[in-house]
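Here are a few exercises to help you find your way around a new structure. Try each one before you read the solution.

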Amino acid sequence: MAVSAARTKIWASLVLGLLWAQEVSPAAARTVEIAGLRIEGANYIDPQAIRITSGLYLSQKIRIPGEDLTQAVQKLWRQGIFGDIQIYADSLTDTRVWLVIKVEERPRLSRFSIRGVNKSQSKELSEKIGLVRGTIFTENQRINAQRIIRNYFQNKGYYQVQVSTITEPDTGANSVRVIFQVKRGSRIKIQPLEIVGLQQLSPRWAKNRLKETKERRFYRFWKRSRFQRNEFEKDQERLITAMRNKGYRDARILSDTVWFDEADRRLHVRLALYEGRRYYFRYVTWEGNSIHDSTTLSRILGIKRGDVYNPSLLERRLQMDPNGNDVASLYLDNGYLFFRAEPIEKIVGEDSVDLIIRVYEGPQATVRRILVEGNDRTRDRVILREIRTLPGDKFSRSNLIRSQRELLALGYFDQEKTQIVPLPEPQEGVVDLKYLMEERPSDQVFLQGGWGGRIRDVQGNVIGGGLILTAGIRFNNFSFSRIPFKRAWRPLPTGDGQQLGLQIQMNGRGFQNYAINFLDPWFGGRKPNSLGFSLYYSVQRWLFSDYYLSILGASLDLGRRLKFPDDFFRSYTTLSYRYYTAKNAFTLLGDRGTAFVNIISFKQAIERTSMDAPIYPRSGSSVIFSIEATPPWSMLMGRAYRPARDALRFLEFHKWRMDAQFFLRIVGNMVLSPRFRWGILGRYNRQLPFSPFERFFLGGDGIQGFNIDGREIIALRGYASPFIGPASGSLAFTKFTLELRQAISLNPAATLWVHVFAEGGNAWGALRYFNPLQLRRSFGVGARVFLPMFGLLGVDYGYGIDDARDPSGLPLGGSRFHFMIGQQL
């Protein structure tokens, strides 16, 4: 109404000004030349800009009265910066006219505020509104600002929110202060949500398809039943898509009604649907295919006569299957980048659909160039050596997917923002591949903590263990070759994908551990063969005792990628040496409390890893099988071997381990992850005791890198330390875990997810009692957050179901909280 009134004033000013100034009647209209064009009232706006915007200029021929002046007023008014516009003739002759454009500038915004909201809401709304101080405040800006504020609160459930605008003159020249007054009212819930018109499908089924529009229910405490217009429209699209995927091809929304009932103070939502007839697929016919026959294409499509009509399934089987089990992959993996398949539906009878799929195969495309963008720290060669699509190769979609997986496995790039963009040139039959990367922090300054368990003597007295703290730094993208260059030290040389780690662990004077390790995943730079080494030293002392145990160790690791059974497999070979010095270690070594022990071992591991991302995998698996063994000294030395002298001097054992974890996407970012682990410590000579070192300890929080007597600690949530099994450690263990994960945030700055779990495990001090189905079971909930600088942090609440007791008879199960820093349970 304000605009309409203002325009009426403008037209009146124009007509009356012309008639009054020169007493010209409409009948005496004539064509004249503009001899002068003066601007009045422009205090802040450039007069020349007003002339240009009006479209009037000197020597222009116009008709008075006529459309020229009317159009000039309209052009100026559309700018939204004037409150009043008048054009009148200051002087008029038979052939010439001197015009005056008189404008009244709208006031400029000096400041604005939002009342009726808290400080954080005011800040957020101010950013959304986007008003700029010093600019002209227009009617459109006022309307838009009120709309943004109203939508903001309606999306939070305040459906009756009222927004008004108060404009007050401010102290500055031609400036105003704008106040947006907000009255939120009470939060309104959706109740009831009514769905009508369904014949075969139930309203309850339809309501479950609405993701964001939910009616109020007392048991749905985790999700508010607020009404959001944008989400409501998206929910309608989801519902219709779901109905069509059930075979109801003609499904549509007849009407949607939303109203607020003042009597019951509730928001009513009503959806009227048309369900229609249910359709079924009949015949599938292929046209234009020459590379693959119709039988092959139909087998991959997997749609048979009599199947319920489902357009989403059809699209996925044609070209949208993320696992590559679609018709398009058959062509795209063989270079046919320009392949297209267009399904044409033909209704037959009352409820049948025939499909005619027209195929355009096109020529094969060859990769011409590889372009990499966004790698600010990582060298191009580190990225290019992981890529499976090289210049000169035929285009392959599966190789693109594999390349992206290998790049994400490096841990240097944001898994949500890494993209591969094909840039095809059909005329030349080539394609450029652009890899768009965004680096994330990969180096870690980590503080780890875990419960190493209470170590007890044979009488059950606590003599060591407890909380183990770890501090260290890990450079995951180190560059050894750039050390001589001063410019590369920022703060350390980076970019070659090498790993360098320094670590310190301690439990006061009772336990200390120092370690350094280095790994080059592409030693030599030509083949994916890794070379690494590690050095460590640890020492342990017991409380109230002369017990002393130190370990000096070193290892050399060689890894290589295998091609059989497939190239997801890797082989790792490790040669390690550990020297133990034990004094007064009767609990560990028996009657010989003092000994100097040498362990030379070889370890062979086979790993298959196909996870789609390193931090929060949603598909793929990780399976590792390893055997570690020392030489059978008692057999090699023959008669020269003296058990009393050599059993500890040259320790012998063999150790078998397996760890298998799988990731299955349920829906969205919800992932089911089953995991199975087991380990066995064996001996060569039945006349010799089992190794007192390298044993398994099950239970509690677990901790990484805990090198007391070479023990391996496996967490079992819901049970406390000391560990399940004998106090001296176990010779075998099994553990089963089932986790259901839901991602909350996949932001690389803080990746967060929650999970529920059920797991079971057990450990045995003698192999004859080994029974992988005899488990100590538990269940619970937990959360994890990955911070690039600190690694993985988490908390779990577990409940141990079965009865498990320590050597002194204290229960280990029940309700337990478990905290972890920098490790996986």
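**Exercise 1.** How many helices and how many strands are there in the chain?

*Solution.* Keep in mind that this is a predicted model. Counting along the chain gives 15 helices and 34 strands. Next, look at burial: of the 825 residues, 45% count as buried. Then take the contacts between residues at least 6 apart in sequence: 61% of these join residues at least 24 apart.

**Exercise 2.** Find the salt bridge between Arg238 and Asp235, and work out where the two residues sit.

*Solution.* Start with the distance: the two side chains meet at 2.4 Å, N to O. That falls inside the 4 Å cut-off for a salt bridge. Now check the helix: both residues belong to α7 (residues 229-245), and being three residues apart there, they are separated by about one helical turn. Finally, compare exposure. Asp235 is buried, with a relative accessible area of 0%, whereas Arg238 is partly exposed at 32%.

**Exercise 3.** Which parts of the chain does the pair Glu373 and Lys434 tie together?

*Solution.* First, the pair itself: the side chains of Glu373 and Lys434 form a salt bridge at 3.5 Å, N to O. Glu373 is in strand β14 (residues 366-373) and Lys434 is in strand β16 (residues 430-436), so the bridge ties together parts that are 61 residues apart in sequence. As for exposure, Glu373 counts as partly exposed, at 39% relative accessibility.

**Exercise 4.** Which residues are linked with Arg717 in a network of salt bridges?

*Solution.* Begin at Arg717 and add its partners in the network: Lys735, Glu739, Arg741, Glu759, Arg784 and Asp796. For the whole model, the count comes to 43 salt bridges.

Key: Residues are numbered from 1 along each chain as its sequence is written. This is a predicted model: local features need pLDDT of at least 70, side-chain atom pairs count only at pLDDT 80 or more; totals for chains, interfaces and linings use all residues. Side-chain values use heavy atoms; hydrogens and water are left out. Helices (H or I, at least four residues) and strands (E, at least two) are DSSP runs, numbered from the N terminus. Buried means under 20% relative accessible area, exposed over 50%, partly exposed in between (1.4 Å probe, protein chains only). Contact means heavy atoms within 4.5 Å.
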